[in-house]
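This report covers the overall dimensions of a protein chain and then one of its strands. The structure is shown first.

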Amino acid sequence: MREITVGVVAPAYVNLPLWLAQELGFLESRGLGATERILGSTHGVTNALRDGAVDVALTAPEGSIADALAGGPLRVVAGLIDRPPLSMIATPRCRAFGDLRGGRIGTSSLTEGTRHIAERMLADHGLAYPADYDFALEGSHVERWKALQAGTIDAALQMIPYDEIATDAGFTNLGPVTWEFALNAVCVRFPAEPGVVAPFLDALAEAADWLRGHVEEAAAIAAERTAIEPRYALRACQTLAADGVIPPGLRPAPAALAAAAGALRSSGLIPPGGPDPVAAAVDYSYLAALG
């Protein structure tokens with residue numbers, strides 16, 4: 001049995017295919033065992049992957065895209081989430097996006113993930129960074145929920161099922177993300193072992209397919225993993241099983257990856273010209289090996 005370490009930001013429902021692959025034996029049947037290492041932030045996962053502290057990362061792809069463009073070893077080898085299951089949750093005093101003017105928006109990173117999605121969402125409602133609000137580094141959605149409850153931030157993108165938990169607790173749901181954006185991807189450090197990466201991806205793909213036909217069973221596994229009430233776990237799994245959230249065959253939609261790369265360009269984190277960032281950073285050869 002080959003044991004690998006998988007870096008993740010938090011015990012988040014976007015990692016459900018990994019949990020299912022562990023619990024249902026899809027990894028074991030391929031000679032793999034996988035242990036999660038929770039690192040608390042997207043840039044923390046990216047750094048751990050770059051340093052060799054984890055073998056595989058399930059995280060926002062922006063860090064790997066920027067690294068590849070700079071000549072680094074990180075690559076995106078598959079997608080996990082094409083349509084972010086996130087909603088903008090605000091404190092009860094904020095009833096509309098305009099109420100966030102001058103506020104603090106919680107995020108897990110200033111260079112990856114929720115920062116870019118939040119910035120785009122707020123721009124769609126007439127708020128520009130940094131003129132109209134500040135970002136506050138708060139960590140994962142779990143930490144952002146704590147910050148919302150403490151009142152140290154005014155709003156944050158919250159992942160399923162925390163968006164619904166927050167709404168039921170009286171916080172304001174300003175609306176879900178409705179467009180494609182590669183929120184979570186499978187990233188590795190080159191050179192990566194095909195004999196590890198390919199079967200790992202095969203197990204995740206089998207788990208994602210199983211989820212679509214076994215939502216209630218998946219919810220029971222997820223609820224036990226996260227100590228979340230079963231009703232919230234079920235609705236979260238229903239969201240993940242919907243069309244367009246987890247890409248079929250773990251091949252991200254071109255628009256989802258393009259949105260992530262475009263966010264890097266618009267934020268000045270990669271050069272405005274130069275090579276195509278997606279072409280430079282994405283390698284589907286491990287998926288192709290699966291047939």
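The sections below go from the basis of the model to the whole chain and then to strand β4.

## Basis

This is a predicted model, in which local features need pLDDT of at least 70 and side-chain atom pairs count only at pLDDT 80 or more, while totals for chains, interfaces and linings use all residues. Residues are numbered from 1 along each chain as its sequence is written, and side-chain values use heavy atoms, with hydrogens and water left out.

## Overall form

The protein chain holds 12 helices and 10 strands (DSSP runs numbered from the N terminus: helices are H or I with at least four residues, strands are E with at least two). Its C-alpha trace spans about 55 × 50 × 30 Å along the principal axes.

The radius of gyration, taken over C-alpha atoms, is 18 Å; this agrees with a compact globule, because 291 residues would then give a value near 19 Å. The globule rule is 2.2 Å times the number of residues to the power 0.38.

## Burial and contacts

Of the 291 residues, 56% are buried, meaning under 20% relative accessible area with a 1.4 Å probe, protein chains only. Among contacts (heavy atoms within 4.5 Å) between residues at least 6 apart in sequence, 79% join residues at least 24 apart.

## Strand β4

Strand β4, residues 74-81, is mostly covered, with 8 of its 8 residues buried. β4 pairs with strand β10, residues 184-189, in the antiparallel sense over 6 bridges; pairing requires that DSSP finds at least two bridges between two strands. L74 stands opposite R189 in β10.

Technical notes. Buried means under 20% relative accessible area, exposed over 50%, partly exposed in between (1.4 Å probe, protein chains only).
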